[in-house]
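Here's a short set of exercises to work through with the coordinates open in your viewer. Try each task before you read its solution.

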Amino acid sequence: MEKITFSPDGDQPVDFYVLEQTVISARNYILVTDSEDGDGEALILRDDSQPGDEQALYSIVDDDSELRAVGEIFEKLLEEDGIDLDL
């Protein structure tokens, strides 16, 4: 599982583990968790960076309809791996 480190403005760096990624309507989304093994908290993040940006800029998806739509896709992708999501 790939580990990535986020550096929120003014906060300590935070490590997440990427469970899955997908592209919807030319937008990149990743599903991350705070735990490498077992149960953990999961977040869906949207890549909001612009072409040519040196670093990716991710935002937590918090719009209910967007979260539901992207979450359903991640559920289907992870179902093949035997991973259940509680959305």
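**Exercise 1. Find which residues of H1 are exposed and which are buried, and work out how they are arranged.**

Step 1. Start on the exposed side: Asp64, Arg68, Lys76 and Glu79 of H1 are exposed, across from the buried side. Exposed here stands for over 50% relative accessible area, buried for under 20%, and partly exposed for what falls in between (1.4 Å probe, protein chains only). Helices (H or I, at least four residues) and strands (E, at least two) are DSSP runs, numbered from the N terminus.

A quick word on ground rules: this is a predicted model, where local features need pLDDT of at least 70 and side-chain atom pairs count only at pLDDT 80 or more, while totals for chains, interfaces and linings use all residues. Residues are numbered from 1 along each chain as its sequence is written, and side-chain values use heavy atoms, with hydrogens and water left out.

Step 2. Now pick out the buried set in H1: Glu66, Val70, Gly71, Phe74 and Leu78.

Step 3. Look down the axis of H1: the buried residues sit within an arc of 115°, so they line one face of the helix. That arc is taken over the directions from the helix axis to the C-beta atoms.

Step 4. Ask what this face meets: the buried residues of H1 pack against S2, S3 and S4.

Step 5. Check the geometry too. H1 has 16 residues and spans 22 Å from first C-alpha to last, close to the 22 Å expected at 1.5 Å a residue; the expected span is 1.5 Å times one less than the number of residues.

**Exercise 2. Trace the polar contacts of glutamate 66 and arginine 46.**

Step 1. Place the two residues: glutamate 66 is in helix H1 (residues 64-79), and arginine 46 is in strand S4 (residues 42-47). Arginine 46 counts as buried because its relative accessible area is 16%.

Step 2. List the neighbours of glutamate 66. Beyond those within four places in sequence, glutamate 66 is in contact (heavy atoms within 4.5 Å) with Tyr29, Arg46 and Val61.

Step 3. Go through the polar contacts. Each is a pair of N or O atoms within 3.5 Å; within protein, one must be able to donate a hydrogen and the other to accept it, and residues adjacent in sequence count only if both atoms are side-chain atoms. The glutamate 66 side chain makes one with the side chain of tyrosine 29 at 2.6 Å, and another, at 2.9 Å, with that of arginine 46.

Step 4. Follow arginine 46 onward: its side chain also has a polar contact of 2.7 Å with the side chain of aspartate 48.

**Exercise 3. Describe the aromatic pairs and say how they are connected.**

Step 1. Count them: there are two aromatic pairs. Rings of Phe, Tyr and Trp (its six-membered ring) pair if their centres lie within 6.5 Å, and planes under 30 degrees apart are stacked, over 60 edge-to-face, the rest tilted.

Step 2. Take phenylalanine 6 and phenylalanine 16. Their ring centres are 5.7 Å apart with planes at 70°, so this pair is edge-to-face. Phenylalanine 6 belongs to strand S1 (residues 2-6) and phenylalanine 16 to strand S2 (residues 14-24), ten residues apart.

Step 3. Move to phenylalanine 6 and tyrosine 58: centres 5.7 Å apart and planes at 90°, so this one is edge-to-face as well. With tyrosine 58 in strand S5 (residues 58-60), the pair ties together parts 52 residues apart in sequence.

Step 4. Compare burial: phenylalanine 6 is buried at 17% and phenylalanine 16 is buried at 14%, whereas tyrosine 58 is partly exposed at 27%.

Step 5. Put it together: ring pairs join Phe6, Phe16 and Tyr58 into a cluster.

**Exercise 4. Map the largest nonpolar core and say where its residues come from.**

Step 1. Apply the criterion: a nonpolar core is a set of buried Ala, Val, Leu, Ile, Met, Phe, Trp, Tyr and Cys residues joined through side-chain atoms within 4.5 Å.

Step 2. Read off the members: the largest core has eight residues, namely Tyr29, Leu31, Ile44, Val61, Val70, Phe74, Leu78 and Leu85.

Step 3. Assign them: strand S3 (27-33) and H1 each give at least two residues, and the largest share, three residues, is from H1.

Step 4. Look for others: a second, separate core has seven residues, including Phe16, Ile30, Val32 and Leu45.
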